[in-house]
Each structure stands twice: as C-alpha cells, then as structure tokens.
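Ready for some practice in reading a structure? Work through each exercise yourself before you look at its solution.

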Amino acid sequence: MNCPKCEFYESEVIDSRKSPFQVRRRRVCVKCGFRWTTYEVDEVIYKKAMLKKKVEKQLRSIFKSYIKNLSAKEQSEFFDEI
Ligand SMILES: [Zn+2]
C-alpha cells in the first residue's frame, strides 16, 4: 500500500479494527510519517459471513418445509416448546 502523500511503497499498520466484512487499518508511512486509513475487505471474514448466510438460508428453508407439514395443533405445540 503506497503512501498517498509521497507514494513510498512501505507503510506500517499501527491499528486495525475488524467489522463484519471489513478491516479498517490505520497506516503510517515509513518515509514521511503520513498517516491514513484504509478499508479492506477481509477475504476470510467475507467468506465466513457468506457461508454463514448460506447455511442460515438452508436451515430456514428446511425449517419452513418442516413447519408446513405439521398440523395447526402440532405447530402451536412446536412453538410452545420454543
Ligand atoms: Zn509518505
């Protein structure tokens, strides 16, 4: 990641914070000391989140089809148990 000010190729990460899809990094230029922030999509985090979404979706559809096959009485019993 080049420095936005002097375009020097080397920078140090002084702080990083992870959010669900992004990594926010505070960087400082090794040469001129300029500080800036980058937002990067963390591929691993992103993939995990996507996978989680996929699994949740599948579970929901399984759950839905399961509920559909129950009678009204069974359904109310089912929800009482939850
Ligand atoms: Zn610089």
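Two residues are in contact if their C-beta atoms, placed from the backbone, lie within 7 Å. Keep in mind that this model is predicted.

**Exercise 1.** Find what share of the contacts in the chain with a separation of 6 or more comes from residues 24 or more positions apart.

*Solution.* Start with the contacts whose partners have a separation of 6 or more. Then pick out the pairs that are 24 or more positions apart: they account for 30% of those contacts.

**Exercise 2.** List the elements of the chain in order from the N terminus, and decide why the chain is called more spread out than a compact globule.

*Solution.* Begin by counting: the chain has 3 strands and 2 helices. Following the chain from the N terminus, you meet them as β-β-β-α-α. Next, turn to the radius of gyration, which is 24 Å; the globule rule gives 12 Å for 82 residues, and the chain's value is well over that, so the chain is more spread out than a compact globule. Now look at the box filled by the C-alpha atoms: along the principal axes it is roughly 70 × 20 × 15 Å. Finish with burial: buried residues are 4% of the 82 residues.

**Exercise 3.** Work out how the chain is divided into domains and which classes of residue domain 1 brings to the side that touches domain 2.

*Solution.* First, mark the bounds: domain 1 covers 1–41 and domain 2 covers 43–82. Second, take the centres of the two domains over C-alpha atoms; 40 Å separate them. Third, count the residues in the contact: 4 come from domain 1 and 4 from domain 2. Last, sort the domain 1 side by class, which gives 3 nonpolar residues, 1 charged residue and no polar ones.

How values were computed: Residues numbered from 1 in each chain as written. Predicted model: local features only at pLDDT ≥ 70, side-chain atom pairs only at ≥ 80, totals over all residues. Helix = DSSP H or I, 4+ residues; strand = E, 2+ residues; numbered from the N terminus. Rg over C-alpha atoms; globule rule 2.2 N^0.38 Å. Buried ≥ 20, exposed ≤ 12 C-beta atoms within 10 Å, placed from the backbone. Domains from an automatic or database assignment. Nonpolar A, V, L, I, M, F, W, Y, C, P; charged D, E, K, R; others polar.
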